[in-house]
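Got the viewer open? Take this as a short walk through the model, one selection at a time.

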Amino acid sequence: MSNISGELEFPWANAPVPGQTIEIAPGLLWARHPLPFRLNHVHSWLLDEGEGWTCIDTGCDTPDVRNAWETLFAGPMQGRKIDRVVATHGHVDHIGLSGWLHERFDAEFWGSFGEWIWARISHIKGIPGAADAQYTHLMSNGFSEQEAREFLESRDRFLDLATPLPGSLHEIRDGDTVSMGGRDWQAIQTSGHSFEHMCFFNREENILIAGDHLLSKISPVVAVYEMVPHGDPLRDFLVSFSKFDHVPDDVLVLPSHGLPYRGIRRRITELRDHHRERLDMTLELLKEPRTGYSLIRAMFPKVQGVDNLGFAFGEALAHVNYLIREGLVANVSEQPGKMIYKAVA
């Protein structure tokens, strides 16, 4: 994820510590959980349903996050159970404890069908063909065999951060009205960071639960993965911004990482400009032919560690695939199964 500065309004200077909450609006609480990544936190939004709670996003399965939840149950949540778990999307930091909360409270699981299916497939070990697809994807883009094997081992460690997802889903579709915490929320489906990411907009109180789509200080990872190696998630991400045209500029945006803010129009402009700069940089670097591995080393020379390198690789390919569809870049390799990218003169 890339740092971006901007002149936004931040109503809160600090986030709640794990196990505590900040009241955003009556019956809407903000909780924060630690993450074992470079991005070291994720938020949950708790909506008071009277006898129970709706929880939006859960954090991943680590002892620290489970302990934070236990403190929340006994404290701010007043011993009342979770009736419903809602997922903005299927990444491990958002659904990692969904299965645990479902089992503990017999809670319903709500979200988009695409994210539920994607998470069930991508967070299970031993899926037939998954390791082979990732290995082939990396090798075709210039990684060494040792690096490809390290990626496969890293993926297995990552999968340990999620409990099994519930076996059934209450599906939310784009444009649905979802009642949570005594408020009606319009579901806004976006793509790019994930396939069917959901945001939730309450018009009456002018609040947008934005998930990872509209973060305040960084761009979410917009990446190509081995499942869809020729996909165009960056185009999907940029197109999705038009879905917020009806949202007022002074909406209170509740992102999954970073602080809540106001200034959605400015933020969207910043994100568009950021990716245009990345596209220009990619095109400049591809004036000479490069493998995907060579490109990320040129684009992200300071990136270290297999996990961060994986995110950088996925983001670089997202920009390459966008440019390929624009007719500005082509694969010039003469070897079947090998990718060498070059700007088209």
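Before you click anything, one term: a residue counts as buried when its relative accessible area is under 20%. Also keep in mind that what you're looking at is a predicted model.

**Stop one: C199.** Select C199 and see how it fits that cut-off: its relative accessible area is 0%, so it is buried. Now look for other cysteines. The closest cysteine sulfur belongs to C55, and it sits 17 Å from the sulfur of C199, which is too far for a bond.

**Stop two: C55.** How many disulfides does the model have? The count is zero, going by a cut-off of 2.5 Å between cysteine sulfur atoms. C55 is in no disulfide either, and its nearest cysteine sulfur, in C60, is 13 Å away. Is C55 buried or exposed? With 0% relative accessibility, C55 counts as buried.

**Stop three: T190.** Hop over to strand β9, which covers residues 183–190, and pick T190. This residue has 0% relative accessibility, so it counts as buried too. Show the side chains of T190 and H213, and you'll find a polar contact of 3.3 Å joining them. What else does T190 touch, once you skip residues up to four places away in sequence? Its contacts include C199 from stop one, along with F195, E196, H197, S240 and F244.

**Stop four: L165.** Next, go to the loop between α6 (145–159) and β7 (170–171), where you'll find L165. At 13% relative accessibility, L165 still counts as buried, because the limit is 20%. Try a distance from L165 to L152: they are 13 residues apart in sequence, and their C-alphas are 22 Å apart in space. Then bring up the contacts of L165, ignoring neighbours within four places in sequence: I95, S98, F109, W116, A119 and R120.

**Last stop: α10.** Select residues 306–325 to light up helix α10, a run of 20 residues. From first C-alpha to last, α10 reaches 28 Å, close to the 28 Å expected at 1.5 Å a residue. While you're looking along it, here's a handy tip: an α-helix has 3.6 residues a turn, so residues three or four places apart point the same way. Why is α10 described as largely enclosed by the rest of the structure? Because 15 of its 20 residues are buried. Finish by stepping just past the end of α10 to G327, which takes a positive phi of about 80°.

Notes: Residues are numbered from 1 along each chain as its sequence is written. This is a predicted model: local features need pLDDT of at least 70, side-chain atom pairs count only at pLDDT 80 or more; totals for chains, interfaces and linings use all residues. Side-chain values use heavy atoms; hydrogens and water are left out. Helices (H or I, at least four residues) and strands (E, at least two) are DSSP runs, numbered from the N terminus. The expected span of a helix is 1.5 Å times one less than its number of residues. Buried means under 20% relative accessible area, exposed over 50%, partly exposed in between (1.4 Å probe, protein chains only). A polar contact is a pair of N or O atoms within 3.5 Å; within protein, one must be able to donate a hydrogen and the other to accept it, and residues adjacent in sequence count only if both atoms are side-chain atoms. Contact means heavy atoms within 4.5 Å.
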